[in-house]
Amino acid sequence: MRGHHWGGGHRGGYWNYQAIESLNLTDAQKEQLSGIAQASFTDAQALRTQLHETRVQLNLELIKPQLDKAAIAKLQAQQADLTQKLSARTLEARIQAAEVLTVEQRTTLNQQVEAWRQQWSAAPNAPRGPGAGPNPQANYNGLLVPMPMR
């Protein structure tokens, strides 16, 4: 599970292990959240694959000598549907994860996310993602918890 991300890997999309560790989760919470993360990752991966395939098909349609506007419109509608499904699945997992946390843990997590957003706004071109933080050698326990998205 270590290394999985949720939400595209930017602006709060990656799991933040230091924040999670500060929530003092119980073993039961860790297990539940890991299951939620794994299921969401698997589902999202399948949707992303379908979305990529649809984009490839759309690009192929757009380079044909004779454009088929009906086919292009159909592929665009499929893209919109897949994007909506991906968004809904991500939100479903965030809700499930929030239900596992106590009110105090959710409040703490929200405060941390807001602090990160302020930092990101102050430095929009700063490096992001795993290894870009102040302690890339930290020993994480493999727990994955979703970070709220913008």
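A residue counts as exposed when its relative accessible area is over 50%, and as buried when that value is under 20%. Keep those two cut-offs in mind as we walk through this predicted model.

Let's start with N24, which sits in the loop between α1 (17-21) and α2. Its relative accessible area is 65%, so N24 is exposed. The backbone here deserves a look too: phi of N24 is near 55 degrees, a positive value in a residue other than glycine.

From N24 we can step across to Q29, since N24 is among the residues that Q29 touches. Q29 belongs to helix α2. Is Q29 buried or exposed? Q29 counts as buried, because its relative accessibility is 7%. Leaving aside residues up to four places away in sequence, the contacts of Q29 are N24, V100, L101, T102 and Q105.

Two of those contacts, V100 and L101, lead us into the interior, as both are members of the largest nonpolar core. This core has 10 residues, and I20, L23, L25, L33, I36, A93, A97 and L109 complete the list. Helices α2 (27-62) and α3 (69-100) each supply at least two of its residues, and α3 gives the most, with three. Elsewhere there is a second, separate core of five residues, including A44, L47, L51 and L86.

As general background, nonpolar side chains tend to be buried together in soluble globular proteins.

To retrace the route: we began at exposed N24, moved to buried Q29, and followed its contacts V100 and L101 into the core of 10 residues.

Notes. Residues numbered from 1 in each chain as written. Predicted model: local features only at pLDDT ≥ 70, side-chain atom pairs only at ≥ 80, totals over all residues. Heavy atoms only, no water. Core = buried A, V, L, I, M, F, W, Y, C linked by side-chain atoms within 4.5 Å. Buried < 20%, exposed > 50% of the residue type's maximum accessible area, 1.4 Å probe, protein only. Helix = DSSP H or I, 4+ residues; strand = E, 2+ residues; numbered from the N terminus. Contact = heavy atoms within 4.5 Å.
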